[in-house]
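Reader: I would like to go through this structure step by step, with the reasoning spelled out. Could we begin once it is in view?

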Amino acid sequence: PTGAVVHDIRTVVGRRWPLAQLVIAPTAVQGDEAAPGVVAALAGLNQRGDVDVIIVARGGGSLEELWPFNDERVARAIFASRAPVMSAIGHETDVTLADYVADVRAPTPSVAAELVVPDQLEIAMRLGGYAKSLEACVYNEVDVRRDRLERLSEALAECRPDVNALRARLDALLARAAFRLERETAERRGRVA
């Protein structure tokens, strides 16, 4: 857990996506105990159920030091992993059997760390762009609806009857009716008299 590879991965992940939680499964990565240790670490990580991706990593070394990653048990454990496995063994020129069975091969452990987490600055810029696009869409929709409301308001104003003219006409009709009623009443009074 204090090795340079773990430090590099922690540093890159912390810089790119600080929300990521790293689970370290330390094991020997060279010597006779390396292959069974890597197999056990992979099995332990797969049993957890909360692991999104596994990075099998170690720094560079000689062909003999990297040989455990050519072991069939390690290759089968990587292939059988439920969680995707990224191989980051050695330097860019080092190639092992683990690289061929892994879901992805990274040239170095630092590159592996970059590949498994998003870049918070890139995400922030993308979200800022989405926010601006959404804001522009909202303003555009508000403008469209405002224009429509203004057109409907103008159309409604044109359809509205002229109440003053109707009131004057009604007053004239009432005055004529009152006049006729008065005249007819006077005529009938005259007949009755």
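Reader: In which helix do Arg126 and Glu122 both lie, and how many residues apart are they?
Author: A word of care comes first, since this is a predicted model. Residues three or four places apart in an α-helix point the same way, because such a helix has 3.6 residues a turn. Arg126 forms a salt bridge with Glu122, with 2.7 Å between the closest N and O atoms. The two are separated by about one turn of their helix, which spans residues 120-159, and the answer is helix α7, four residues apart.

Reader: Are Arg126 and Glu122 buried, partly exposed or exposed?
Author: The class in between runs from the buried limit of 20% relative accessible area to the exposed limit of 50%. Arg126 has a relative accessibility of 38%, and Glu122 has a relative accessible area of 42%. Arg126 is therefore partly exposed, and Glu122 is likewise partly exposed.

Reader: Which residue forms a salt bridge with Glu141, and how is that residue classed by its accessible area?
Author: Glu141 and its partner are four residues apart in helix α7, and so about one helical turn separates them. The closest N and O atoms of the pair are 2.7 Å apart. Glu141, at 37% relative accessibility, counts as partly exposed, whereas the partner has a relative accessible area of 57% and is exposed. That partner is Arg145.

Reader: Which side chain meets that of Arg48 in a salt bridge, and how many salt bridges does the structure hold?
Author: The nitrogen-to-oxygen distance in the Arg48 pair is 3.0 Å. Arg48 counts as partly exposed at 46% relative accessibility, and its partner is partly exposed as well, with a relative accessible area of 48%. The partner is Asp50, and the salt bridges in the structure number nine.

Reader: What is the strand order of the open sheet, and which strands stand at its edges?
Author: The sheet has three strands, paired in the parallel sense, in the order β1-β2-β3. Each edge strand has a single partner, so one side of each is left without a neighbour in the sheet. The strands in that position are β1 (54-58) and β3 (104-105).

Reader: How many bridges join β1 and β2, and how many join β2 and β3?
Author: Between β1 and β2, one point of register is Ala57, which stands opposite Ala88. On the β3 side, Met86 of β2 stands opposite Val104, and Ser87 has Arg105 as its bridge partner. Both pairings are parallel, with β1 and β2 joined over five bridges and β2 (residues 85-89) joined to β3 over two bridges.

Reader: How many of the five residues of β2 are buried, and which of them point each way?
Author: Val85, Ser87 and Ile89 point one way from the strand, while Met86 and Ala88 point the other way, and all are buried. Strand β2 is thus largely enclosed by the rest of the structure, the count of buried residues being five of the five.

Reader: Which elements do the buried residues of helix α4 pack against?
Author: The buried residues of α4 (residues 72-80) are Val74, Ala75, Ala77 and Ile78. Seen down the helix axis, these fall within an arc of 165°, so they line one face of α4. On the other side, Arg76, Phe79 and Ala80 are exposed. The packing partners of the buried residues are α2 (34-48), β2 and α5.

Reader: Which residues form the nonpolar surface patch that includes Tyr100, and what is their accessible area together?
Author: Tyr100 lies in helix α5, which covers residues 97-101, and is exposed, with a relative accessible area of 65%. The patch is made up of Val95, Leu97 and Tyr100, and together they have an accessible area of about 320 Å².

Reader: Is Val117 buried or exposed, and which residues beyond its sequence neighbours is it in contact with?
Author: Val117 is placed in the loop between α6 (109-116) and α7. Its relative accessibility is 11%, and because buried means under 20%, Val117 counts as buried. Leaving aside neighbours within four places in sequence, the contacts of Val117 are Val13, Arg16, Trp17 and Ala20.

How values were computed. Residues numbered from 1 in each chain as written. Predicted model: local features only at pLDDT ≥ 70, side-chain atom pairs only at ≥ 80, totals over all residues. Heavy atoms only, no water. Pairing = 2+ DSSP bridges. Patch = residues over 30% accessible without salt bridge, like charges linked within 9 Å, V, L, I, M, F, W, Y side chains within 5 Å. Areas by Shrake-Rupley, 256 points an atom, 1.4 Å probe, with all protein chains shown as cover. Salt bridge = Lys/Arg side-chain N within 4 Å of Asp/Glu carboxyl O. Buried < 20%, exposed > 50% of the residue type's maximum accessible area, 1.4 Å probe, protein only. Contact = heavy atoms within 4.5 Å. Arc of directions from axis to C-beta.
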